[in-house]
Amino acid sequence: MDETNEDEDTRRLRRELRRLGHAPVPAGLLRRLLAIPSGREPGWRWLLAPAVPAAVVAAAVVLVARQPLPEEDPSVAALQEFRVAMSYVQRGATVTNEEISNAIQTGLREAYGISRVSVLGEDRRPQQGDQDEN
Amino acid sequence: MKTRTVPLAILLFSLAPFSFAQNAAGISGGFDFGQIPGISSRPSVEINLNSQMLAFVGAATRSSDPEAEDVLGGLENIRVLVYDLVEEMSAVLEFIDEVSTALEADEWQRVVYVQEETERVSIYVKFNEAAIAGLTLLVADGGGEAVFVNLAGNIDPAQLGGITQALGVGDVMGGIPDLTGGAIGNAATDEE
């Protein structure tokens, strides 16, 4: 802090204290008040100047990165889950269909085989009990 | 009072193995599968859609099917559990048999039953008067996968099948006899 600034601060402080009223101000108080850093004096602050834009950019990047991702539409999420759930029900239905088809095919095949034997007499070979029947 | 508490506790403990038969969250047609034996891993697919989520589904399908909202509005809950890696399939098969017994005791009707040495497919339906109040699907295939599905609420098979068909999944109810008026009847097969 140079002398010019100090004098100016002192004058301003005295002026403000005077404005507060006529109560006596202890001499030590004025010194202590003046000793409080004003924040103006560090001459090295100019060193920070180039870093400021970079810091602002970095802060912006951090802020953007920390912003929550846009929330997924609950309708879309629910619809997706519903489709997955139904696909599993569909699988059950597919298995059922296959079993029904197999059961019907097996039944038809057996019925067809029986009818061929009974109507056409195909593959009919003498059975042990045939003589007993006659 | 104490003399009554102890027998009650014993009774509750003795009923514990059948606790899975309780309705899920008190929903008629709901079914909580509880702890499934023979599986230590978490399900590879776990879906739990409550009525609010199903309302979202209805809203999402409104543009393609105006009736979907009403149909899905009747559903109260959909629960799906899929396990890819079943360590002890025999335990899961036993579990399915126990669940089947419990469901039948709770007036669920079996519409599909496939039983093979390493495979089970069971589909149960709970009727509420003339309407369907619940559908439970239990599947264990020989490949080490197990699937458990429960649909609870007022289910209109034909309309629900129409919605799923419109969504590209296919008519999920069309293949299940007794649900869409199929003339095939009960598809139970027993190849044991």
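What follows is a chat between a student and a tutor about a predicted model of chains A and B.

Tutor: Residues count from 1 along each chain as written, chains are lettered from A and ligands numbered from 1 in the order written. Since the model is predicted, local features need pLDDT of at least 70 and side-chain atom pairs count only at pLDDT 80 or more, while totals for chains, interfaces and linings use all residues.

Student: Why is B:Glu107 called exposed?

Tutor: The label "exposed" needs 12 or fewer other C-beta atoms within 10 Å of a residue's own, "buried" needs 20 or more, and "partly exposed" is in between, with C-beta atoms placed from the backbone. B:Glu107 has 8, so exposed is the right word.

Student: Where does B:Glu107 sit, and what is its phi?

Tutor: B:Glu107 lies in the loop between α4 and β3 of chain B. Its phi is positive, about 70°, although B:Glu107 is not a glycine.

Student: How do you know that the span of α4(B) agrees with what a helix should give?

Tutor: Helices here are DSSP runs of H or I with at least four residues, strands are runs of E with at least two, and both are numbered from the N terminus. The expected span is 1.5 Å times one less than the number of residues. With 17 residues (89-105), α4(B) should span 24 Å, and its end C-alpha atoms are 24 Å apart, so the two agree.

Student: What makes you say that the buried residues of α4(B) line one face?

Tutor: Take the directions from the helix axis to the C-beta atoms; the arc is theirs. The buried residues are B:Met89, B:Val92, B:Leu93, B:Phe95, B:Ile96, B:Val99 and B:Leu103. Seen down the axis, they fall within an arc of 155°, so they line one face. On the other side, B:Ser90, B:Thr101 and B:Ala105 are exposed. The cover over the buried residues includes β4, β5 and β6 of chain B.

Student: What does B:Val92 touch?

Tutor: Contact means C-beta atoms, placed from the backbone, within 7 Å. Leaving aside neighbours within four places in sequence, B:Val92 is in contact with B:Ile36, B:Gly38, B:Ile39, B:Val86, B:Ala140 and B:Ala146.

Student: What makes a set of residues a nonpolar core, and which have the most contacts inside the largest one?

Tutor: A nonpolar core is a set of buried Ala, Val, Leu, Ile, Met, Phe, Trp, Tyr and Cys residues joined through C-beta atoms within 7 Å. The largest has 61 residues, and A:Ala85, B:Val57, B:Val92 and B:Val149 have the most contacts inside it. Helix α4 (residues 74-120) of chain A gives the largest share of this core, nine residues.

Student: How many residues does each chain put into the contact?

Tutor: Chain B brings 31 residues and chain A 24. On the side of chain B that touches chain A, α2(B) gives the most, with five residues. By class, that side has 25 nonpolar, six polar and no charged residues. Ala, Val, Leu, Ile, Met, Phe, Trp, Tyr, Cys and Pro count as nonpolar, Asp, Glu, Lys and Arg as charged, and the others, Gly among them, as polar.

Student: Which elements of chain B have the lowest and the highest mean pLDDT?

Tutor: pLDDT is the predictor's confidence in each residue, from 0 to 100. Helix α1 (residues 2-15) of chain B has the lowest mean, 43, and β1(B) the highest, 94. Over residues 1-19 of chain B pLDDT stays under 50, and the model has two contacts beyond four places in sequence for them. Where pLDDT is low, the predicted coordinates should not be read in detail.
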